[in-house]
Amino acid sequence: MDTVTFQGVVMPRSMIIGHESTANTSIMNGTMPVTLRCKIVNSQITVECDLEKYEERYLQGLWATAWDYARLVVNLIGFQSGAGLITIIDTIIRPKQKPDLMRTQLSRLSRQCTAYNLNNTQQIAQILSSGIAIKQAIKDLVESLIIPNNAVVNCARVMDTLRRVISPSLNEKPGWQQMQRVLNISQTYLQFITNQSQDPRHGNYSTPISDPKLMEVLERSWIVMNRFLEYKKKGDSPLTDPDFPSLV
């Protein structure tokens with residue numbers, strides 16, 4: 001039996017909580033049983049995951065499962081106490097190894113951001129600060145990397161947000177058509193993102209999205225958001241070939 005340990009913290013620091021609980025679950029589409037032991041002491045989280053034998057290919061599934069369980073426990077505490085609490089799991093201890101920081105950064109997504117770089121954020125920050133909708137959309141995208149189970153719903157909501165920002169006075173169908181036109185993106189390209197959210201958006205989590213499909217949803221969402229930022233930089237002028245080839 002191997003034990004993989006995840007560590008983290010409950011925020012804000014003004015709330016000091018403690019709790020212990022255990023659960024049985026599985027990863028790898030139900031083929032690998034896992035026992036979870038969650039212990040919170042002075043808001044410091046430890047989740048021990050017992051499984052038959054650890055392999056590195058289990059890492060993402062274990063991390064998501066441990067984080068989901070810790071978040072469930074913390075949310076139950078928050079609900080009962082009427083407190084807004086945030087759960088962070090950022091450290092892993094593999095069997096017989098030292099602690100290692102987890103990383104949610106994906107270079108594949110970073111490459112899609114061409115509208116600005118970290119040395120020149122002023123123009124983009126000004127665009128984003130102009131209204132709550134765009135700030136929320138960026139937040140939804142970034143949080144989709146932190147909470148994978150919410151990712152497809154977040155990404156679909158971002159598409160809806162951009163549609164409303166681009167065409168606030170248009171109804172849904174002409175609004176989508178306007179968004180497709182000004183960003184030079186096909187209906188099919190956008191529907192791949194929004195269609196994946198239909199089940200979880202309506203409370204059906206029985207069929208989790210596959211990792212490759214989730215990655216495709218994330219990448220397309222990053223590309224669409226980047227195009228929106230380019231569109232705003234151009235003073236709301238439509239994006240056209242060859243600088244912005246049609247996305248189909």
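A salt bridge here is a side-chain nitrogen of Lys or Arg within 4 Å of a carboxyl oxygen of Asp or Glu. Keep that in mind as you click around, and remember that the model you have open is predicted.

**Stop 1: D100 and R94**

Select D100 and R94 and show their side chains. The two form a salt bridge, with the closest N and O atoms 3.4 Å apart. That fits the cut-off of 4 Å. Now switch on a surface. Is R94 buried or exposed? R94 counts as buried because its relative accessibility is 12%, under the 20% limit. Its partner D100 has a relative accessible area of 30%, so D100 is partly exposed.

Why might such a pair turn up at all? Side chains of opposite charge can pair when their charged atoms come close. A search of the whole structure finds 14 salt bridges, so there is plenty to look for beyond this stop.

**Stop 2: along helix α4**

Next, colour residues 132-146, which make up helix α4. Pick out K139 and E143 on this helix: they sit four residues apart, about one turn of the helix. Which residue does K139 pair with? Its salt-bridge partner is E143, and the closest N and O atoms are 3.2 Å apart. With the surface on, K139 is partly exposed at a relative accessible area of 38%, and E143 is partly exposed too, at 27%.

**Stop 3: helix α9 and a network**

Move on to helix α9, residues 211-233, and select E216 and R220. Here again the spacing is four residues, about one turn of the helix. The side chains of E216 and R220 meet in a salt bridge, 2.8 Å from N to O. Their surroundings are worth a check: E216 counts as partly exposed at 25% relative accessibility, whereas R220 is buried, with a relative accessible area of 16%.

Don't hide those two yet. Add R108 and E219 to the selection. What links these residues to E216 and R220? A network of salt bridges ties R108, E216, E219 and R220 together.

**Stop 4: R71 in helix α1**

Finish at helix α1, residues 59-81, and select R71 within it. With a relative accessible area of 14%, R71 is buried. To see what is around R71, set aside its neighbours within four places in sequence: the contacts that remain are T87, I146 and I147. I146 may ring a bell, as helix α4 from the second stop runs over residues 132-146.

How values were computed: Residues are numbered from 1 along each chain as its sequence is written. This is a predicted model: local features need pLDDT of at least 70, side-chain atom pairs count only at pLDDT 80 or more; totals for chains, interfaces and linings use all residues. Side-chain values use heavy atoms; hydrogens and water are left out. Helices (H or I, at least four residues) and strands (E, at least two) are DSSP runs, numbered from the N terminus. Buried means under 20% relative accessible area, exposed over 50%, partly exposed in between (1.4 Å probe, protein chains only). Contact means heavy atoms within 4.5 Å.
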